Amino acid sequence: MEIVKISVEQVLILLLFIAAGYTLGKTKIANSDHGKILSVLGVYVFIPTNIFKTFASRFTVEYLTQKYPLILAALGVMVVMTLLSYPLGKLFSKDQYQQAVYRYSLVLPNYGYVGYALAEGIFGQDMLLNVMLFALPLSLYTYTIGYCALTRSKINLKKLLSPANIAIVLGAVWGLLGLPVPSVIGTMFSKASACMGPASMLLTGLVISQYKLLDLFTNRAVYGMSALRLFVVPCAVAGAMQLMGIDPTVTTVTLLVLAMPCGMNTIVFPKLVGEDCRTGAALTCVTSIACCITIPLCLWLFGIGV
């Protein structure tokens, strides 16, 4: 039960940061400009440094030959969830754009902002690398199919050149070549990556504070999607993997990724084209709060850490 206890503590810590960000936003101490600063720091500094540090120190030829099934599992899960998201999306809204928001939320959990922080906080750097490897196909989906669906645009391969993806490539090459990371650079990257979780959760709280909570909590469709995102999907996929006798590590990583709350791209991407972000904000708000209960519950149900 120790891992479950640690997971509860980690989720509560993140939830408290969300509450702090929300309070700063509602009291006007912080505004959308501050949120933009946090977003820029997260996208261009905190997340890339964490990714590079992890890959450079642990991504070896031996690791890749042992863990490549994680990528295959991620591809399989992503394809299945994408196919299911189309009929399921129609159940939550008649509006075609809102259907795209629900489809995105069903396929892509918040593995970057929340998943990475929890994986490292609960299991350490080795599990964090496993989660990052599993997330590679999801990152590809985010900046192609996902981005285009939420911005009503065509696929732009330039979007794949995100700081996170560049950090993955550089870190992977560094690790495969066995190159040492200078101590000063390593220390700087460690300190920067430690800010990833707090900064992203403060940003989540600031984003949520821009809306009336009553409006976010009165959409019944959001609760149905939240149940799918946080409990039904991760438990169904992890359960199927157990029945098929798949490596327990793959099952654990899959559960850690799929049990995460909805991401903020359903807010960030629609803002780029002037679409209504209310549904995305509601999904982010509800799932970020509910995951405090559902993540430990999922781990407990599958005996992880018990």
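**Exercise 1. The largest pocket**

How do the residues of the lining of the largest pocket divide into nonpolar, polar and charged?

*Solution.* Start with the source. This is a predicted model, in which local features need pLDDT of at least 70, side-chain atom pairs count only at pLDDT 80 or more, and totals for chains, interfaces and linings use all residues. Residues are numbered from 1 along each chain as its sequence is written, and side-chain values use heavy atoms, with hydrogens and water left out.

Step 1: fix the classes. Ala, Val, Leu, Ile, Met, Phe, Trp, Tyr, Cys and Pro count as nonpolar; Asp, Glu, Lys and Arg count as charged; the others, Gly among them, count as polar.

Step 2: fix the space. On a 1 Å grid over the protein atoms alone, a pocket is an open set of points with protein on both sides within 12 Å along at least five of seven lines. A cavity is a set of points where a 1.4 Å probe fits but cannot get out. Lining residues have an atom within 4 Å of a point.

Step 3: read off the division. The lining of the largest pocket has 25 nonpolar, 12 polar and 4 charged residues. That lining is made of 41 residues. Ser 39, Val 43, Tyr 113, Asn 265 and Val 268 lie nearest the centre of the pocket.

Step 4: add the volume. The largest pocket holds about 1100 Å³ of space. Here a volume is the space filled by probe spheres set on the points, with points joined across faces, edges and corners.

**Exercise 2. Helices around the pockets**

Find which element gives the most to the lining of the largest pocket. Then turn to the second largest pocket.

*Solution.* Step 1: helices here are DSSP runs (H or I, at least four residues), numbered from the N terminus. Those with at least two residues in the lining of the largest pocket are α2 (32-58), α6 (111-123), α8 (136-151), α9 (163-177), α11 (196-208) and α15 (265-272).

Step 2: α2 gives the most, with 9 residues.

Step 3: the second largest pocket has a volume of about 230 Å³. Its lining has 17 residues, with Ala 117, Glu 120, Ser 193, Ala 194 and Gly 197 nearest the centre. Two or more of the lining residues come from each of α1 (2-26), α2, α6, α10 (183-193) and α11. By class, the lining has 8 nonpolar, 7 polar and 2 charged residues.

**Exercise 3. Contacts of Leu 38 and Tyr 116**

List the residues that Leu 38 touches, leaving aside neighbours within four places in sequence. Do the corresponding task for Tyr 116.

*Solution.* Step 1: contact means heavy atoms within 4.5 Å.

Step 2: Leu 38 lies in helix α2. Leu 38 is in contact with Ala 199, Leu 202, Leu 203 and Leu 206, neighbours within four places in sequence left aside. The C-alpha atoms of Leu 38 and Thr 204 are 9.9 Å apart, although 166 residues separate the two along the chain.

Step 3: Tyr 116 touches Ile 51, Tyr 111, Leu 128, Val 131, Met 132, Ala 135 and Met 196, not counting residues up to four places away in sequence.

**Exercise 4. Salt bridges**

How many salt bridges are there, and which parts of the chain do they link?

*Solution.* Step 1: a salt bridge needs a side-chain nitrogen of Lys or Arg within 4 Å of a carboxyl oxygen of Asp or Glu. The count comes to 2.

Step 2: Asp 126 and Arg 58 form one salt bridge, at 2.8 Å from N to O. Asp 126 sits in helix α7 (residues 125-134) and Arg 58 in helix α2, 68 residues apart.

Step 3: Asp 215 and Arg 278 form a salt bridge at 3.6 Å, N to O. Asp 215 is in helix α12 (residues 213-216) and Arg 278 in helix α16 (residues 278-301), so this pair ties together parts 63 residues apart in sequence.

Step 4: check exposure (buried under 20% relative accessible area, exposed over 50%, partly exposed in between; 1.4 Å probe, protein chains only). Asp 126 is exposed at 51%. Arg 58 is partly exposed at 29%. Asp 215, at 34%, is partly exposed, and Arg 278 is partly exposed at 36%.

**Exercise 5. Cavities**

Which residues line the largest cavity?

*Solution.* Step 1: there are 3 cavities of 30 Å³ or more. The largest cavity has a volume of about 60 Å³.

Step 2: Ser 85, Tyr 86, Ala 100, Arg 103, Tyr 104, Tyr 141, Ile 145, Gly 146 and Ala 149 line the largest cavity. α8 gives the most to this lining, with 4 residues.
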